[in-house]
Structure formats: C-alpha cells, structure tokens
Amino acid sequence: MCAQTPREQVDLSACNSLRLPVRAQYFVRLADVGAVPEAMAWARRRQLPTWILGGGSNLVPRADWPGLTVQLGAAGVRFESAGRGVRAEVQAGHTWDALVAETLKRGLTGLECLSGIPGTVGAAPMQNIGAYGAEVGSLVEAVYAVDRRSGKTHCFSAQDCRFGYRTSRFKQDEADAWVITRVVLRLRTGNPAPLDHPEIQAELVAAGAKPSGRAVREAVLAVRRRKLPDPKGLPNVGSFFHNPVIDAVSWRALEARFPGLVSYPEAAGHRKLAAGWMIDALGWKGRRCGAFGVHEHQALVLVHHGGGTGAQLLEFAQRIQADVLHHFGVALEIEPRVYPV
Ligand code: FAD
Ligand code: NAP
C-alpha cells in the first residue's frame, strides 16, 4: 500500500496547459520523492502503467490515462559553493521559473535565457529545455532518477543523460523508464555569457540595460510576453513541432527549391529548419479550425480555443504535418509527449 493512497478517477483537465479533458484512473501527488519507489511498486503489483505529471506544459492527453499518474510535489533548492561557481541541487517538483529567478537574485548566472519556461525542474532534463541559444543540459552536473521497474535510484552524469537538441535519454530511448527526483546544476557567478539572439539584444538596448543576468531575464520575459500566448488565457504547450535538423545535401536541395527557407547551421554541417517558417509559408499561421488553431504570432504554437479533445488536436496537427510533407518533403515531429502512448 502507498503511504498516500492514490485517488480514483481524478479529473486532470486543469493540470495540463492545453486544458484538454483527461481523467486519471488513479492519481497521487507525492510530497516526498522518497515515496516514489513505493508508488511504482503499488502500480507494478496491479500491473498498471505509470505516468509522471509535472506542470503539464509539454503533454498532450490523447484520451484518459489508465493506470497510476504520479505528480511530484517536492520543491526546494540547496546551494553550495563549488570551485569558482555554485552548485544548486533542486527537487524535481520545484517550479522551473522560480528557480531561475532565485539563482539570479543570488547573483548566479547561466539560467537567464531560460526565463519564463513553464513547468517543473524534474521535466527540464527530459527535453533538455532550451531557448535563445541556451540549453539546460550545458549546466547539468547530475540527474537523480528512480528506475520505475526496480525502484532503485540512479545518478546520471550530464554525459549519461545523452542531451541533444530538445531531447535526452529520458525522452528518447528510455522514455517512461525513469522518474527524475533531483537535478544538480552548476552555475556561475558574475556576468552572463555573451548573447547572440538579435531580439533579446534589441530589447536590452531599448531598455538601456547592461547585459547582467537580471537584465537578460527581464528582456527574455518581455520578448516572450509579446510573442508567445500565455496558456492561462490561450491554452497551449509552446512549440508543437520540433525544428527538423537535416543533412547538408538535403538542405542544399531544399534551399534551391525554396530560396526564402529559414534555417540555421548545426554541428557536422547539418542544418536546423525553422518549422514555423514552413507552416507560415503554407498559410496556417493564425488559422482556426474548430476548437484549435495556429497562433497568430508564432506558427509553431497550436492553441486550444476551448471545447476540443486531444484526439481532435492530433488530427489538426496531422493536417499541418501532411501539408508540410507534401510541399517541402519534410516530416515534422510532435514535440510534446502524447499520452496514452
Ligand atoms: P510535463 O508537461 O508535466 O511533462 C512533460 C514530460 O516530462 C512528460 O513525458 C512527463 O511524463 C515527463 N516528466 C515530467 N516530470 C518528470 C519527472 N520528474 N521525471 C520523469 N519524467 C517527468 N520548452 C522549452 O524547451 N523551451 C521553451 O522556451 C519553452 N517554452 C514554452 C512556453 C510555453 C508557453 C509553454 C506552454 C511551454 C513551453 N515549453 C518550452 C515546453 C515546456 O514548458 C517544457 O518542456 C517544460 O520543461 C515541461 O515541464 P512540465 O513540468 O510542465 O512537464
Ligand atoms: P524565434 O526566436 O522567433 O526563433 C524562431 C526559430 O528560429 C526558433 O525555433 C529558433 O530555434 C530559431 N532561431 C532563431 N534565431 C536563431 C539563431 N540565431 N540561431 C539558431 N536558431 C535560431 O523563436 P520564438 O518562438 O520567439 O521562441 C524563442 C525561443 O524560445 C526559441 O529558442 C524557442 O525554441 C524557445 N521556445 C521554445 C518553446 C518550446 O515549447 N519548445 C516554446 C516557446 C519558445 P530554437 O527553437 O532552436 O531556439
């Protein structure tokens, strides 16, 4: 028996930022990460699948969730000096943006470009959250996670996490195998690393601010407020599709056919295509189809106007994917996790 008995048939519509209707067969919120192995064992004994819910800002509920949904409520940060920097050990249930604000208040830098990202610290390594050229993976020292089958805790180094562009081992090859309980970050003191995002730079110039960590945070928050819909007013999960990364040969062929195509250089001669540009070029930006639509300022963001279901959202997304594939020959992948799988 779990220390906290899971509740049955729990409505989680308010716990996902798309505000899609979904019920969990069983749901438990754990205030202590020490209870994770017990919760996993509870589900295993009943041969039930388990789902981990953070802030619900990167999830698409396709239908109700059978089995046990676990949310980690444990929050808290421990800071300690480490050489010329500071180590921050953070509980998985801590709100990501509260962590960013707290580190900057202490004069620590590294997380400023990742300001304003919704969700929890435990979910951050999942897709190696990133924005404006920064990625959490570059600051991770260790990730502690419980193996859902054995209940044992494992410590992963940053290298073990296999971070990639909006991905990691936790999202890719070992999806749904681990429960992340703690994340250890290595932060710096002093000024932030130089920025190379033109919109953030322009915002700093307009504000007449020196590029301190806190000024960069304010600039990032201002730019995000202008371009990205607040899920509280217009439900969404941020970028719905990944920016595809393709090899140099495919890119040259594509660029010859579509001269305005926006792309950015990646390692090993690869190229990252701006998926939003392709969606926009096909006339989807700002378009509404029933309960769902493409945001008017950012074509990568799909929004829920209310009254829709996860299955309908996925149908809408498939129409966009089919159109992009047909015209550009590029397959767009969905970025948020779709549950049930
Ligand atoms: P959830 O949505 O609850 O979960 C996401 C996935 O992680 C699920 O598979 C879940 O099972 C798993 N998971 C969550 N917690 C754990 C855990 N402790 N252990 C194991 N698995 C876990 N993302 C970016 O990368 N960059 C951005 O700039 C960005 N901007 C956004 C802006 C908006 C307006 C919105 C709505 C979303 C944005 N996102 C962005 C996406 C999202 O906020 C992040 O991916 C975030 O890290 C998700 O956190 P969450 O706690 O809400 O995760
Ligand atoms: P943006 O800055 O208008 O950029 C559009 C796209 O072009 C982004 O996807 C970005 O790729 C890419 N890009 C822009 N400048 C680049 C550069 N100098 N080098 C390489 N790539 C560049 O995007 P936005 O919508 O306003 O979002 C701002 C940032 O927040 C982006 O980094 C975006 O990824 C992040 N964000 C992510 C989510 C999410 O859910 N994943 C949601 C909202 C915002 P990258 O995406 O690789 O940065």
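**View 1. Polar contacts of ligand 1 with the backbone of I52 and G54 and with the side chain of T120 in the predicted model.** In this predicted model, a backbone N or O atom of I52 lies 2.6 Å from an oxygen atom of ligand 1, and a backbone N or O atom of G54 is placed 2.7 Å from an oxygen atom of that ligand. The side chain of T120 also takes part, with an N or O atom 2.7 Å from an oxygen atom of ligand 1. Taken alone, ligand 1 would expose 980 Å², of which the protein buries 95%.

**View 2. The shell of residues around ligand 1.** Ligand 1 is surrounded by 32 residues, and the closest of them are I52, G54, S57, N58 and R224. Two or more residues of this shell are supplied by each of the strands β3 (50-53), β9, β13 (178-189), β14 and β21 (337-339). Sorted by class, the shell around ligand 1 consists of 17 nonpolar, 12 polar and three charged residues.

**View 3. Polar contacts of ligand 2 with the side chains of N243, Q298 and E335.** An N or O atom in the side chain of Q298 is 2.3 Å from an oxygen atom of ligand 2, while for N243 the corresponding distance, again from a side-chain N or O atom to an oxygen atom of the ligand, is 2.7 Å. E335 is paired instead with a nitrogen atom of ligand 2, from which a polar side-chain atom of this residue lies 2.7 Å away. The area that ligand 2 exposes when taken alone is 780 Å², and the protein buries 80% of that.

**View 4. The shell of residues around ligand 2.** Among the 17 residues around ligand 2, those that come nearest are Y165, R166, K227, K272 and Q298. By class, this shell holds six nonpolar, six polar and five charged residues. The largest share of the shell around ligand 2, three residues, is contributed by β14.

**View 5. The crossing of helices α2 and α4.** The axes of helix α2 (residues 96-105) and helix α4 come within 9 Å of each other and cross at roughly 150 degrees. Because of this angle, α2 is roughly antiparallel to α4. The crossing of α2 and α4 is left-handed.

Key: Residues numbered from 1 in each chain as written. Chains lettered and ligands numbered in written order. Predicted model: local features only at pLDDT ≥ 70, side-chain atom pairs only at ≥ 80, totals over all residues. Heavy atoms only, no water. Near = heavy atom within 4 Å. Polar contact = N/O pair within 3.5 Å; in protein donor to acceptor, adjacent residues only side chain to side chain. Areas by Shrake-Rupley, 256 points an atom, 1.4 Å probe, with all protein chains shown as cover. Helix = DSSP H or I, 4+ residues; strand = E, 2+ residues; numbered from the N terminus. Nonpolar A, V, L, I, M, F, W, Y, C, P; charged D, E, K, R; others polar. Axes fitted to C-alpha atoms, helices over the stretch in contact; angles between N-to-C directions. Parallel < 35°, antiparallel > 145°, perpendicular 65-115°, else oblique. Left-handed = near helix turned anticlockwise from the far one by under 90°.
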